[in-house]
Amino acid sequence: MSQDNLRPFTGIRSFLFVPGNHPDKLAKVFTYGADAVILDLEDACADADKVEARQTVIDVLKKPHDGKGYVRVNAIDTPYCFRDLDTVIGPWLDGIVLPKLENPEELFAVDWAITEYEKERELPPGRIDLMPIIETAKGMKNLESLCKKPGRMKRFSFGAGDFTRDVGIKWSADEGELSYVRGHMILIARDAGLEPPIDTVHIDLKDEDSFEESVKTGVKYGFQGKLCIHPKQVPSVNQGFMPDTAEIERAEKIISAFEAAEAAGSASIQVDGYFIDYPIVEKAYAIRRLAQTYG
């Protein structure tokens with residue numbers, strides 16, 4: 001069977017935030033095993049340090065490191081955003097994280113600016129990734145419009161902290177109040193042909209049980225990974241967003257049985273008492289792909 005309809009995928013499970021104005025934390029952040037690191041010039045960086053922190057994060061990104069290096073710039077309605085972009089874009093950077101995206105015009109403006117800096121600095125077109133964070137009611141309402149012309153955006157992420165504050169929702173331990181928006185984001189991303197989104201941070205560092213449940217919820221809804229605010233969260237996220245041994249073995253069993261049946265002219269079979277047809281085997285292929293990506 002063809003796998004052409006499987007979504008594009010670059011394989012990032014964990015994005016670990018680190019304040020851009022803390023050299024001691026920046027020095028260690030690439031050692032914790034995150035698939036990508038976000039050096040933060042926005043909320044985690046004090047206003048008095050924002051300008052100086054631009055060079056600080058560049059110095060860190062220029063050093064050899066494992067994992068991808070992103071910078072979260074300040075929101076487009078601040079006086080910092082485009083100066084942030086101008087300063088940090090270079091061959092040392094993998095991507096920009098854009099907070100509080102609300103309108104397609106904002107996405108276009110930042111995408112255009114990155115394109116111009118790529119040309120100016122002789123970087124390959126489209127080299128710099130752009131990942132917005134959807135974290136306001138307006139951004140969520142406009143999500144479909146934002147995704148109609150995504151440009152260099154491969155995926156977006158969810159910021160529940162600002163979102164619940166903006167909407168007036170109480171952010172509970174079980175996160176049940178976020179069910180609607182999580183489902184909404186998955187559907188919009190899929191319809192637009194984007195990668196699955198990246199799920200929100202979990203801010204209660206002491207409540208490890210609710211964090212583990214939050215990871216499971218993100219997996220269940222179809223997110224591809226999660227934003228992290230502490231290094232201790234990274235292993236659980238990396239493990240949670242990849243299939244376990246039992247899932248991989250079952251997927252391989254389904255693929256093997258189905259391919260043999262399909263070659264014999266059948267497209268519907270049973271495996272261990274479960275009905276298997278094209279949609280089910282497509283899921284099995286997706287699990288295999290995840291295993292290969294993170295293997």
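1. Helices α8 and α9 lie oblique to each other, because their angle fits none of the other classes (under 35 degrees roughly parallel, over 145 roughly antiparallel, 65 to 115 roughly perpendicular, the rest oblique). The axes of α8 (residues 179–192) and α9 (residues 208–221) cross at roughly 40° and come within 10 Å. Axes are lines fitted to C-alpha atoms over the stretch in contact, with angles from 0 to 180 degrees between N-to-C directions. Helices are DSSP runs (H or I, at least four residues), strands likewise (E, at least two), numbered from the N terminus.

2. This is a predicted model, where local features need pLDDT of at least 70, side-chain atom pairs count only at pLDDT 80 or more, and totals for chains, interfaces and linings use all residues. Residues are numbered from 1 along each chain as its sequence is written, and side-chain values use heavy atoms, without hydrogens and water.

3. Which residues make the contact between α8 and α9? From α8 come S179, R182, G183 and I186; from α9 come S214, T217 and Y221. Contact means heavy atoms within 4.5 Å. By class, two are nonpolar, four polar and one charged. Here Ala, Val, Leu, Ile, Met, Phe, Trp, Tyr, Cys and Pro are nonpolar, Asp, Glu, Lys and Arg charged, and the others, Gly among them, polar.

4. The lining of the second largest pocket has 14 nonpolar, three polar and seven charged residues. A pocket is an open set of points on a 1 Å grid where a 1.4 Å probe fits, with protein on both sides within 12 Å along at least five of seven lines; lining residues have an atom within 4 Å of a point. β1 gives the largest share of this lining, four residues.
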